[in-house]
Structures are given as structure tokens and as C-alpha cells.
Number of protein chains: 2
Amino acid sequence: MSKSEIAELPLLDAEDAVPCCPPITAGELSQADAEKMAAMFKALSDPVRLRLFSRIASFAGGEACVCDISDIGVSQPTVSHHLKKLREAGLLTSERRGTWVYYQVAPSVVAGMAAMLDLRT
Amino acid sequence: MSKSEIAELPLLDAEDAVPCCPPITAGELSQADAEKMAAMFKALSDPVRLRLFSRIASFAGGEACVCDISDIGVSQPTVSHHLKKLREAGLLTSERRGTWVYYQVAPSVVAGMAAMLDLRT
């Protein structure tokens with residue numbers, strides 16, 4: 001996938017959100033849903049992780065090479081650790097292309113988190 | 001404030017969100033903004049805390065008496081501990097009325113979190 005194709009990926013509306021969990025106003029959460037949601041929030045509960053995630057989300061198409069984000073002021077092993085946590089939580093996907101690993105925001109997962117917090121539903 | 005007045009409180013649109021922090025797609029987050037946002041996500045990163053928050057958010061007007069939510073399957077001190085964490089993060093406010101403490105979701109803060117995760121902005 002070329003850089004220009006990536007930049008043209010459509011951003012998703014809330015309706016396209018991954019149906020992980022009901023909105024928080026929908027009544028009592030099941031234990032299973034609460035555990036899934038808590039893991040996603042936990043992934044964003046660290047300031048360095050949030051800054052890395054924001055950096056990637058700000059690139060065209062929500063994608064960045066690890067080489068684009070390594071100047072965030074922490075060591076390379078720390079960057080790798082946080083990227084792994086974000087990937088495990090489903091908020092990022094990654095793909096190796098040649099020398100570099102590219103990380104991409106999973107827009108439907110992030111839209112799902114936003115939809116859970118929508119008090120209007 | 002009577003129960004019926006609370007139930008009529010308008011829910012807020014994203015535009016009314018507390019302007020804590022820019023959307024994650026807005027570029028690099030400052031360290032200060034990242035710390036504020038991370039603290040809010042951390043408040044929702046525990047399954048029991050999320051279930052309590054969801055229970056309160058599901059009541060009319062986003063408000064519940066502590067007596068309404070104490071049957072969540074954990075001890076009363078644990079409930080109190082989690083409610084304190086949610087209050088400290090600004091996601092809940094509380095008010096004593098007579099015998100009981102009432103907890104209310106801070107809709108503008110929650111809308112602010114949802115707005116941060118809006119990839120369309």
C-alpha cells in the first residue's frame with residue numbers, strides 16, 4: 001500500500017465503530033464487557049503512550065513509521081514497550097515494510113471507545 | 001435540586017465538552033495535556049470502576065445515590081475507594097443530601113474525553 005493510498009483511507013463515523021461494548025449509559029455492563037473496555041482505557045492511561053498514540057494519529061492516514069516517532073524524548077526500548085501495549089489493546093496495528101515497522105491507528109476501535117463515552121445515546 | 005429537575009438536565013453536545021485537551025489527531029500533545037488526559041483514561045481503566053461509572057451514568061440525569069449502586073458485588077470500602085478515584089479524576093461529582101451521598105456524572109468531562117477520541121476532527 002503506497003503512502004498516497006493510505007492518506008486517502010476514509011475516516012470512520014461513529015456508526016462504523018467496532019461493536020465491542022455498549023455505551024456506558026446502556027445499563028449495567030457485563031463483567032466481560034467491562035474487562036474489554038477497561039483494557040482499552042488502560043492502554044491510554046499513560047502520558048508517554050498517549051503522546052506516542054497522538055503522534056501516530058496526527059500523521060496522514062493515522063499511520064507513521066517508527067522512525068517518525070522515535071524523537072519523543074524516551075529511549076527506544078521504552079517506545080517499543082509502549083507501542084506493543086497499544087497494539088495488544090487493539091488501538092494500533094503494525095506492518096513491516098522493508099527496514100521499518102509502520103504503525104497505524106485502528107480507527108474503528110478508537111471510534112468504538114468514543115461511542116461508549118457518548119452520553120447522548 | 002429535586003429528582004425531577006435532575007432528570008431534565010440537558011445532555012451536552014460534543015461542542016459543550018470541557019476544553020481540557022486537543023483531539024488526539026491535532027498534533028503532538030504537550031506533556032501537561034498528556035498527563036491530564038492519561039489521568040482521565042486511568043480512572044476508567046479498572047473493570048469494577050467502569051461498572052460503577054456505567055451504573056451511575058445509566059440512572060436518570062446521570063445521578064445515583066450510593067445506596068442504588070452498592071449491590072455491584074464488591075465490598076462497601078471498595079465501592080467507596082473507586083467512587084473517590086472517579087471523583088478525583090473529575091468524572092463524577094458528589095453531594096450529600098440527608099443520609100445519603102449522591103454521585104453525578106460530569107457530562108462535559110465525559111464529552112471532552114469522547115471529543116479527544118474523535119478521529120473526524
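This passage describes the interface between two chains, one arginine at that interface, one helix and the disulfides of a predicted model.

The contact between the two chains is considered first. In the predicted model, 38 residues of chain B are in contact with 38 residues of chain A. Together the two chains bury about 3,200 Å² between them, and 69% of this area lies on carbon and sulfur atoms. Three helices of chain B each give two or more residues to the side that touches chain A, namely α2 (31-43), α3 (47-58) and α5 (107-116). Of these, α3(B) provides the largest share, with 8 residues. When the residues on this side of chain B are sorted by class, 23 are nonpolar, 7 are polar and 8 are charged. Although charged residues are present on this side of chain B, the number of salt bridges between chain B and chain A is 0. Polar contacts, in contrast, do occur across the interface, where 8 residue pairs are found, both members of each pair having a pLDDT of 80 or more.

One residue that takes part in the contact between the chains is R51(B), which lies in helix α3 of chain B. Its relative accessibility is 11%, and R51(B) therefore counts as buried, the limit for that class being under 20%. Apart from its neighbours within four places in sequence, R51(B) touches five residues of chain A, E28(A), L29(A), S30(A), Q31(A) and A34(A), as well as I72(B) of its own chain. With Q31(A), the link is from side chain to side chain, a polar contact of 2.9 Å. Within chain B, R51(B) and V79(B) are separated by 28 residues in sequence, and their C-alpha atoms are 11 Å apart in space.

Helix α5 of chain B, which also gives residues to the side that touches chain A, was examined for burial. In α5(B), 8 of the 10 residues are buried, so this helix is largely enclosed by the rest of the structure. The buried residues are S108(B), V109(B), V110(B), A111(B), G112(B), M113(B), A114(B) and M116(B). These residues pack against elements of both chains: α5 (107-116) of chain A on the one hand, and α2, α3 and β3 (100-105) of chain B on the other.

The disulfides complete the description. A disulfide is a covalent bond between the sulfur atoms of two cysteines. The structure holds 2 disulfides over all chains. In chain A, the bond joins C65(A) and C67(A), whose sulfur atoms are 2.3 Å apart. The angle about this S-S bond is 130°, and the link of C65(A) and C67(A) is right-handed. The two partners differ in exposure, because C65(A) has a relative accessible area of 2% and is buried, whereas C67(A), at 36%, counts as partly exposed. In chain B, the disulfide is formed by C65(B) and C67(B), with a distance of 2.3 Å between the sulfur atoms. Here the link is right-handed, with 130° about the S-S bond. C65(B) counts as buried at 2% relative accessibility, while C67(B) has a relative accessible area of 35% and is partly exposed.

How values were computed
Residues are numbered from 1 along each chain as its sequence is written. Chains are lettered from A and ligands numbered from 1 in the order in which they are written. This is a predicted model: local features need pLDDT of at least 70, side-chain atom pairs count only at pLDDT 80 or more; totals for chains, interfaces and linings use all residues. Side-chain values use heavy atoms; hydrogens and water are left out. Contact means heavy atoms within 4.5 Å. Buried area is the accessible area (1.4 Å probe) that two parts lose on being put together, summed over both. A salt bridge is a side-chain nitrogen of Lys or Arg within 4 Å of a carboxyl oxygen of Asp or Glu. A polar contact is a pair of N or O atoms within 3.5 Å; within protein, one must be able to donate a hydrogen and the other to accept it, and residues adjacent in sequence count only if both atoms are side-chain atoms. Helices (H or I, at least four residues) and strands (E, at least two) are DSSP runs, numbered from the N terminus. Ala, Val, Leu, Ile, Met, Phe, Trp, Tyr, Cys and Pro count as nonpolar, Asp, Glu, Lys and Arg as charged, and the others, Gly among them, as polar. A disulfide is a pair of cysteine sulfur atoms within 2.5 Å. Buried means under 20% relative accessible area, exposed over 50%, partly exposed in between (1.4 Å probe, protein chains only).
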